[in-house]
Amino acid sequence: MTVGGGGGSFRTNCVGRLAMATEGPYDLVIRGGTVFDGSGGAGMRGDVGVRGDRIVAVGVVVGRGATEIEAAGLAVTPGFVDVHSHDDLAVLMEPEYPCKVMQGVTTDIVGNCGTAVAPFAAARPMFRAIGPEVEMEPWEGYAGYLERVDEVRPSLNIAALVGHGTIRRAVLGNAERAPDAGELAQMAAYVREGMEAGAVGLSTGLIYEPGRYAATEEVIALARVLDGRGLYATHMRNEGKYLLEAVAEAIRVGEEGGVAVEISHHKVGGADNWGKVRESIKLIEVARARGLDVTADQYPYTAGSTSLFAVLQNNALNERGEEGGLGRADPANVRIAFCPANHDWEGKSIREMADLFDLPAEEAARKVVEASVRTTVVIETMDEADVRMVMAHSTTMIGSDGVPGGSKPHPRLYGTFPRVLGRYARDEGVVSLAEAVHKMTGMPAVKFGLKDRGSLRAGAFADLVVFDPATIADRATYADPCQFPAGIRAIFVNGVQVADNGLHTGARPGRALRRGM
Ligand SMILES: [Zn+2]
């Protein structure tokens, strides 16, 4: 049931809803809540009526619903869109997907950081750090993946990005060179297939193999294949010393490739670089003033999570080498999340591993990677003031960047959305509740072209969250990450209830979402 021993569990809840046999004109009425429509506007007291998979009435709803939810004192919002997930294969392995669903996430965008689902033969090994090596029936292209999602029917909706890294691996392996004309045409054909199948854009991971070997021109050439449809989402080449150069590169791809840009997990790592986000935000503002559609997403934590191999390759644990894309990290602040070679190492820091092996920290990390190249870590490199500055900015939306797998995943996998609503909006006032909701609903739905999603209005899909603004909170911590949040009363996907008072109902009403449909 859980991915990679993720530890999360849920109970199927069989409340006898069918016993409420009153046949009303509505399948569902949520009564008397404070309705946030996802636009960023203030909440308004009202009812929400649902028929089938759509919202049909908002305001004063006369007439009973087959299901009635009393929401006085609660917030009623569109379902949350996680614009930055890595759940591509995990949702097929565990379709109830409680780590996201229980946060109120009703749509997951997969295929981020250049790592995505097609071609299958290249994709499968790239997901080896995510969950167990289970057998999977291959699919054909993005069309095949989206069909598989519809067959499996997870509990939440799935939209996909085309991954540049996966396509490059399929055509060029791990070659450290530019593609020739024929190879570039092959890569373009894969991008075209994905976009025609309904992918919402193209992603890159320019610190990772093999994306790091791509020049900007290669990315621009592939962005042009989008022909202005969808967007370009990027894990940039550098999130440390050269953050500003990397943002400029992303904007150049948007400008010359003719597509909208989404900067993934906008942040800066390494104490020497803290504060640079003030300038990267300015670069985004200047580009927008020129008419470019540039936005960003963020997870609400000061630690990141990635593969230990990438940490080493980017010299994050090496004080002498040229600083790579992650900034520097203290070995005491790099903790193993997932290590299939030895699960007892999960939760230990690289400093502790160095003591255990009696080796310098970087050598100890190499030894862990030799034991399993699939090892992932949680890496503390950011400044809280930077996290708040990025969150408060109007161009930032929310994406978890959760990495499923292991016993100690980054808590963002379980806590991102309630943490923004509870800690950052209610407790600290970094953003208002209405703005926080907008950053996880209306804003991402518009940017990623999710038709009739992210908006609480008559005619939109009935993806809905009912929560208590006074008590909503993340409970996942670094030490104990696989914990569901508090304060969520009910969650609906396509009009079907997937969570009831903190319990997963077991329902699986999710769909593959194709761009513009
Ligand atoms: Zn990334």
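Which elements each supply at least two residues of the lining of the largest pocket? In this predicted model, the elements are α3, α5 (164-172), β14 (303-307), α10 (308-313) and β16 (376-380). Among the contributors, β14 gives the most to the lining, with four residues. The largest pocket encloses about 740 Å³ of space, and of the 43 residues that line it, Thr 115, Tyr 208, Thr 306, Ser 307 and Ala 310 are the closest to its centre. By class, this lining comprises 17 nonpolar, 18 polar and eight charged residues.

A zinc ion is held by three protein donors, namely Cys 113 through SG, His 235 through ND1 and His 265 through NE2, at 2.1 to 2.2 Å. Along the chain, the donors follow the spacing C-x121-H-x29-H. Cys 113 is placed in the loop between β7 (105-110) and α3 (120-126), whereas His 235 belongs to strand β11 (residues 231-235); the pair therefore ties together parts that are 122 residues apart in sequence. Cys 113 is buried, at a relative accessible area of 7%, and His 235 is likewise buried, at 4% relative accessibility.

His 265 also appears in the lining of an internal space. The structure holds three cavities of 30 Å³ or more, and the second largest of these contains about 80 Å³ of space. Its lining is formed by His 265, His 266, Lys 267, Val 268, Val 277, Gln 298, Tyr 299, Tyr 301, Met 382, Asp 386, Val 387 and Val 390. Helix α13 (residues 384-392) gives the most to this lining, with three residues. Seven of the lining residues are nonpolar, three are polar and two are charged.

Strand β11, which carries the zinc donor His 235, is part of an open sheet of six strands in the order β9-β10-β11-β12-β13-β17, with parallel pairing. The edges are occupied by β9 (162-163) and β17 (396-398), each with a single partner strand, so one side of each is left without a neighbour in the sheet. Within the sheet, strand β12 (residues 260-263) pairs with strand β13 (residues 294-298) in the parallel sense over three bridges. In this pairing, Glu 262 stands opposite Thr 295 in β13.

Two cis peptide bonds were examined in the backbone. The bond from Ala 118 to Pro 119 is cis, with omega near -5°, and Pro 119 lies in the loop between β7 and α3, the loop that also contains the zinc donor Cys 113. A cis peptide bond also joins Glu 209 and Pro 210, with omega about -5°; Pro 210 is located in the loop between β10 (201-205) and α7 (216-225).

Positive phi values occur in residues other than glycine. Asp 227 has a phi of about 55° and is found in the loop between α7 and β11, where Asp 227 is exposed, with a relative accessible area of 64%. For Asn 501, phi is near 50°; this residue lies in the loop between β20 (496-500) and β21 (503-504) and counts as exposed at 55% relative accessibility.

A buried charged side chain is provided by Arg 148, which is situated in helix α4 (residues 141-152). Arg 148 has a relative accessibility of 17% and counts as buried because the cut-off is under 20%. A polar atom of the Arg 148 side chain lies 3.2 Å from the backbone oxygen of Pro 138.

Notes:
Residues numbered from 1 in each chain as written. Predicted model: local features only at pLDDT ≥ 70, side-chain atom pairs only at ≥ 80, totals over all residues. Heavy atoms only, no water. Donors = N, O, S within 2.8 Å, 3.2 Å for Na, K, Ca; no water. Buried < 20%, exposed > 50% of the residue type's maximum accessible area, 1.4 Å probe, protein only. 1 Å grid on protein atoms, 1.4 Å probe; cavity = no way out; pocket = protein on both sides within 12 Å on 5 of 7 lines; lining within 4 Å. Points joined across faces, edges and corners; volume = space filled by probe spheres on them. Nonpolar A, V, L, I, M, F, W, Y, C, P; charged D, E, K, R; others polar. Pairing = 2+ DSSP bridges. Polar contact = N/O pair within 3.5 Å; in protein donor to acceptor, adjacent residues only side chain to side chain.
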